[in-house]
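Open the model in your viewer and keep the selection tool ready. The stops below go from the whole chain down to single residues.

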Amino acid sequence: MKLRKEKTKNILKGSINAALLAVEVYNKPRTTFRSQAYIVLMIIAWTRLFHAYFNETIGDKYYYKSENGRYEIIDEDDKERKAWDLSFCLDKFGSISESISLSESVKANLKFFIKLRNKIEHRYVTEKEVDVLIFGECQSLLYNYENFLIKIFGEENALNESLVFSLQFSHMRLDEQRQANKSILSAEAQEIQSYIENYRSSLGEDVANSQEFSIKLLQIPKISNTNRNDIAIEFVRWDELDSEDREMYQKIVTIIKDKQIVVEAINVGKLRTKEVLKKVNDNNLHNFNQYDHMCLYTIFSVRPRAKDPDPKKTNVKFCHYDEVHKDYVYQDNWVDFIVKLFEVHHLTKEKIRQAYKADEEWDINQYS
């Protein structure tokens with residue numbers, strides 16, 4: 001649709017800005033009001049998107065009227081009219097639009113959040129209690145918004161060039177984190193959880209399983225890079241897979257497990273820290289001390305920091321944790337690696353110390 005009216009452009013701009021802000025708030029690591037803020041902003045984004053469409057198609061008529069035919073006023077001082085809310089927009093769209101329609105799954109997703117928004121506005125829910133419960137629906141709300149935006153106003157208004165996937169802090173999940181997600185919810189959150197479960201169970205199978213209602217993501221790191229130019233994330237649409245592929249993806253769930261390999265240090269560890277230092281200095285690298293060693297194993301993630309709750313998270317090619325003695329032992333090739341850093345890559349102790357102080361993380365494969 002080619003925009004002819006300046007007011008439509010302004011409304012559409014406000015809609016897109018609300019959606020972008022919703023994603024920005026949701027993806028901020030320290031956000032404690034994540035889902036609640038995201039839902040409110042996305043409701044605004046969807047509402048303004050409908051208003052932009054109505055303004056372009058039927059004109060400035062998307063306002064409530066009283067029984068006497070006059071527009072309802074929300075502010076007597078400036079005679080501001082009361083615009084249709086999202087629920088009313090959703091009902092009206094079907095009768096106004098002839099060429100574009102919304103699927104039942106998209107409608108179900110919107111109605112889910114309209115009711116949920118009303119609930120969270122009047123309840124106190126502690127941080128993250130809601131986030132885990134509705135991640136799939138939140139993702140669908142955003143995807144549906146962009147798809148609808150493109151259908152109405154074209155590719156030039158798409159958000160995909162403005163958005164990226166949120167970075168994750170770790171691909172490992174500790175038992176404590178899993179337990180936190182299953183912790184007892186507050187009374188307020190239990191009521192919201194009950195609403196979520198009841199709403200989902202009220203849907204038909206086709207709607208409930210649709211990606212347009214709720215997207216379920218299975219994050220699996222690639223074992224190897226098949227092509228150096230491959231994109232980092234590939235999105236597979238479940239509803240576009242054939243039955244054979246779907247069966248394969250279902251089996252993946254039973255394959256993925258967190259696994260720790262504990263090897264007795266007496267069999268694999270060869271060198272303690274003082275022995276590493278001696279061997280390094282024997283290679284004409286005098287004054288390589290324990291602090292320099294700490295800087296190296298930290299920036300290359302060869303072993304965890306002292307206060308890390310899991311001391312076994314080592315790079316087993318170079319280092320192992322000795323459970324009996326509660327310390328670390330190193331391989332001979334760790335000494336070779338350190339010597340190579342100075343002799344081949346011409347790194348200096350000053351540069352390594354600066355990297356440590358700046359809390360940098362270096363890719364060990366680039367120096368191996």
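Of the contacts in the chain with a separation of 6 or more, what percentage comes from residues 24 or more positions apart? The answer is 66%. Bear in mind that this is a predicted model.

**Whole chain.** Show the chain as a cartoon. Its secondary structure consists of 14 helices and four strands. Switch on the surface: about 24,000 Å² is exposed, and carbon and sulfur atoms supply 49% of that area. Of the 368 residues, 38% count as buried.

**Helix H4.** Select residues 104-120, which form helix H4. What span should its 17 residues have at 1.5 Å a residue? The expected value is 24 Å, and the end C-alpha atoms are 24 Å apart, so the two agree. You can check this with the distance tool on the two end C-alpha atoms.

Now color the buried positions of H4: Ser105, Val106, Ala108, Asn109, Leu110, Phe112, Phe113, Ile114, Leu116, Arg117 and Ile120. The list includes polar side chains such as Asn109 and Arg117 as well as Leu110 and Phe113. When you look along the helix, remember that an α-helix has 3.6 residues a turn, so residues three or four places apart point the same way.

**Ser105.** Stay in helix H4 and select Ser105. Is Ser105 buried or exposed? Ser105 counts as buried because its relative accessibility is 8%, below the 20% cut-off. Leaving out residues up to four places away in sequence, Ser105 touches Asp206, Val207, Ser210, Glu212 and Phe213. Display these five side chains together with Ser105 to see the contacts.

**Thr314.** Next go to the loop between helix H12 (290-299) and strand E3 (319-322), where Thr314 is found. With a relative accessible area of 17%, Thr314 is under the 20% limit and is therefore buried. Which backbone oxygen does the side chain of Thr314 reach? That of Cys319, at 3.0 Å. Cys319 is also among the residues that Thr314 touches, when those up to four places away in sequence are not counted. The others are Val302, Arg303, Pro304, His320, Tyr321 and Tyr328.

**Cysteines.** Finish with Cys138 and Cys295. Cys138 is buried, with a relative accessible area of 3%, and Cys295 is buried at 0% relative accessibility. How many disulfides does the structure hold? It holds zero.

How values were computed. Residues are numbered from 1 along each chain as its sequence is written. This is a predicted model: local features need pLDDT of at least 70, side-chain atom pairs count only at pLDDT 80 or more; totals for chains, interfaces and linings use all residues. Side-chain values use heavy atoms; hydrogens and water are left out. Buried means under 20% relative accessible area, exposed over 50%, partly exposed in between (1.4 Å probe, protein chains only). A polar contact is a pair of N or O atoms within 3.5 Å; within protein, one must be able to donate a hydrogen and the other to accept it, and residues adjacent in sequence count only if both atoms are side-chain atoms. Contact means heavy atoms within 4.5 Å. The expected span of a helix is 1.5 Å times one less than its number of residues. A disulfide is a pair of cysteine sulfur atoms within 2.5 Å. Accessible areas come from the Shrake-Rupley method with a 1.4 Å probe; for residues, only the protein chains shown count as cover.
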